[in-house]
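Hi,

Here's the structure I said I'd pass on. Have a look at it first, then read on for what turned up.

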Amino acid sequence: NVRRRAAQALGSIGAASKSALPALVGALGDEATEVRQAAAQVLGELGVGGGESVADALVGALKDPAPDV
């Protein structure tokens, strides 16, 4: 899945991917479970540097019906 790999690639970039935070937060709402999971993982790895909106999005992802997200 291209969207999943894109999210993972952003995670590999690390802090430099902060400009992609809005796209990663948006990916938490993707129709594909594996995309949502990858986005949540990358956002978690970036840590608190993402700000409150990222933290709020991750808290919201805890309610995802897929256990892997």
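Below is a quick tour of the core, one helix and the salt bridges.

Before you start, keep in mind that this is a predicted model.

Let's begin with the inside. The largest nonpolar core has 16 residues. If you want to find its best-connected members, click on Leu21, Leu24, Leu28, Leu43 and Leu46, which have the most contacts inside it. Three elements give two or more residues each to this core: α2 (21–27), α3 (33–46) and α4 (52–61). The biggest giver is α3, with seven residues.

Leu24 is a nice one to zoom in on. Which residues does Leu24 touch, leaving aside its neighbours within four places in sequence? They are Ala7, Leu10, Ala39, Val42, Leu43 and Leu46.

Now for α3 itself. There's a little check you can do here: at 1.5 Å a residue, its 14 residues should span 20 Å, and the end C-alpha atoms are indeed 20 Å apart, so the two agree. The buried residues of this helix are Val35, Arg36, Ala38, Ala39, Ala40, Val42, Leu43 and Leu46. As for what they pack against, look at α1 (2–13), α2 and α4.

You'll have spotted an arginine in that list of buried residues, namely Arg36. That brings us to charges. Side chains of opposite charge can pair when their charged atoms come close. How many salt bridges does the structure hold? There are two.

One of them joins Arg3 and Asp30, with the closest N and O atoms 2.9 Å apart. This pair links distant parts of the chain, 27 residues apart: Arg3 is in helix α1, while Asp30 is in the loop between α2 and α3. Are the two partners buried or exposed? Arg3 has a relative accessible area of 41%, so it is partly exposed. Asp30 is at 16%, and because buried means under 20%, it counts as buried.

In the other salt bridge, Asp64 pairs with Arg36, and here the closest N and O atoms are 2.6 Å apart. Asp64 lies in the segment after α4 and Arg36 in helix α3, so the pair ties together parts that are 28 residues apart in sequence. Asp64 is buried, with a relative accessible area of 15%. Arg36 counts as buried too, at 10% relative accessibility.

If you only have five minutes, look up Leu24 and its contacts, including Ala7 and Leu46, and then the Asp64 and Arg36 pair.

Cheers

Note on methods: Residues numbered from 1 in each chain as written. Predicted model: local features only at pLDDT ≥ 70, side-chain atom pairs only at ≥ 80, totals over all residues. Heavy atoms only, no water. Core = buried A, V, L, I, M, F, W, Y, C linked by side-chain atoms within 4.5 Å. Buried < 20%, exposed > 50% of the residue type's maximum accessible area, 1.4 Å probe, protein only. Helix = DSSP H or I, 4+ residues; strand = E, 2+ residues; numbered from the N terminus. Contact = heavy atoms within 4.5 Å. Expected span 1.5 Å × (residues − 1). Salt bridge = Lys/Arg side-chain N within 4 Å of Asp/Glu carboxyl O.
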